[in-house]
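Student: I am new to this one and would like to understand the labels people put on it. Could we go through them together?

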Amino acid sequence: MSSPFLKETGIDWRERRLISNLYMVQSVKVRLNRGETRSVKIGRGVRQGCCLSPILFNVYSEYLTKEALEGLGDFKIGGQIIHPVKYAYDLVLLAKEEKVLQDMIDKLIEIGRCYGMEMNVEKTKVMRISRQPLPVKIMIDQKQLENVESFKYLGSILTNDGRCTCEIKCRIAMAKPAFNNKRTLFTSTLDLEMRKKLVKCYVWSIALHGAETWTLRAVDRKHLENFKVWCWRRMEKISWTDHVINEDVLLRVKEQRNILHQIPKRKANWIGHILRRNCLLQRVTEGKTQGGIEVTGRQGRRRRKLLDDFKERRGYSHLKEEALDRISNTR
């Protein structure tokens with residue numbers, strides 16, 4: 001780790017000297033069944049398992065991206081240019097034009113090599129999010145990046161059509177095995193209310209993970225309703241050959257179609273936390289993406305948005321007032 005970066009962060013010279021001594025002239029041995037290998041010198045990188053490693057990596061990557069992407073980018077939300085979205089060692093570049101994205105990648109590669117880092121072409125993907133997603137041609141060292149229709153980021157699946165259907169299906173597919181693993185418990189002789197609480201705790205929590213960011217369409221609501229009835233049928237050992245309709249199943253378990261009611265509640269709690277903070281998520285939630293929107297030839301109503309769920313309830317403005325009142329009361 002170069003000392004100028006640590007110096008600019010305000011770290012005292014004593015700590016900088018200590019860090020330099022820790023990482024100076026490092027060597028490592030690999031332990032095998034027949035013994036240890038010979039010592040090998042480490043020229044770059046951070047120590048695995050060291051508590052300083054994530055901090056040093058974040059400082060290094062922050063200065064790299066800041067220097068490389070300064071003055072570039074055209075993706076604005078609420079008047080602010082959003083360059084990269086970072087989490088751990090993952091980096092997502094955002095741009096509205098193909099040429100702008102190519103320039104950002106070229107500059108990132110150039111500055112990265114000055115820092116002694118290379119971009120892995122095989123692990124780098126590109127995706128266009130649009131109503132009619134067309135392939136994007138982005139080159140790195142004369143190699144074209146692979147265009148993908150979806151990728152997983154922070155445990156959620158993002159698709160090129162900007163919808164949540166694929167993510168919801170994936171969460172349901174993960175929740176069903178969780179139910180089957182505890183099937184003996186859910187179908188036991190325990191009290192009905194207790195079994196329902198267990199299903200909601202162990203199974204529904206998996207299916208609704210990340211539901212705060214979902215924008216539900218009619219088909220998505222149908223998938224979730226079918227999953228809920230699927231849980232109650234398995235819990236009550238009702239086979240499809242019994243010809244029991246869904247309404248009768250709900251009567252047996254003394255439940256209503258309430259799985260969809262939990263999502264707006266989760267959204268309200270989540271957005272309430274966001275509105276009480278001055279952060280990027282708040283600007284993304286409330287801000288508008290600047291730029292022209294091509295509407296030629298588009299038919300039908302506009303797409304459903306994240307905040308539309310609150311318009312059907314008390315309203316987003318009322319929720320924001322409650323969040324601001326809570327801030328004033330805590331001061």
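Student: What makes Lys125 count as partly exposed?

Tutor: Good place to begin, and keep in mind that this is a predicted model. Lys125 has a relative accessible area of 41%. Buried means under 20% and exposed means over 50%, so Lys125, at 41%, is partly exposed.

Student: Which residue does the side chain of Lys125 meet in a salt bridge, and why is it called that?

Tutor: The partner is Glu146, at 2.6 Å from N to O. A salt bridge needs a Lys or Arg nitrogen within 4 Å of a carboxyl oxygen of Asp or Glu, so 2.6 Å qualifies. This pair links distant parts of the chain: Glu146 lies in strand β12 and Lys125 in strand β9, 21 residues apart. Glu146 is partly exposed too, because its relative accessibility of 43% falls between the two limits.

Student: How do you know that Arg14 and Asp12 form a salt bridge?

Tutor: Their side chains come to 3.1 Å, N to O, and the limit is 4 Å, so the pair counts. Arg14 has a relative accessible area of 48% and Asp12 has 32%. Each value lies between 20% and 50%, so both residues are called partly exposed.

Student: Where do Glu225 and Lys228 lie, and are they buried or exposed?

Tutor: Both lie in helix α8 (residues 218-235), 3 residues apart, about one turn of the helix. Both are buried, which means that each has under 20% relative accessible area. Their side chains meet in a salt bridge at 3.3 Å, N to O. Elsewhere, salt bridges that share partners join Glu193, Lys196, Lys200 and Glu255 into one network. The whole structure holds 13 salt bridges.

Student: Why is the aromatic pair of Phe179 and Phe186 called tilted?

Tutor: The structure holds 5 aromatic pairs, and in this one the ring centres are 5.0 Å apart with 35° between the planes. The centres must lie within 6.5 Å, and planes under 30 degrees apart would be stacked while those over 60 would be edge-to-face. An angle of 35° fits neither, so the pair is tilted. Phe179 has 0% relative accessible area and Phe186 has 0% as well, so both count as buried. Ring pairs link these two with Phe227 and Trp230 into a cluster.

Student: What sits over the ring of Trp230?

Tutor: The charged end of Lys176, 5.1 Å from the ring centre. In a similar way, the charged end of Lys182 sits over the ring of Tyr202, at 5.8 Å from its centre. The distance limit is 6 Å, so both values fit within it.

Terms used:
Residues are numbered from 1 along each chain as its sequence is written. This is a predicted model: local features need pLDDT of at least 70, side-chain atom pairs count only at pLDDT 80 or more; totals for chains, interfaces and linings use all residues. Side-chain values use heavy atoms; hydrogens and water are left out. Rings of Phe, Tyr and Trp (its six-membered ring) pair if their centres lie within 6.5 Å; planes under 30 degrees apart count as stacked, over 60 as edge-to-face and the rest as tilted. Buried means under 20% relative accessible area, exposed over 50%, partly exposed in between (1.4 Å probe, protein chains only). A charge sits over a ring if NZ of Lys or CZ of Arg is within 6 Å of the ring centre and within 35 degrees of the ring normal. Helices (H or I, at least four residues) and strands (E, at least two) are DSSP runs, numbered from the N terminus.
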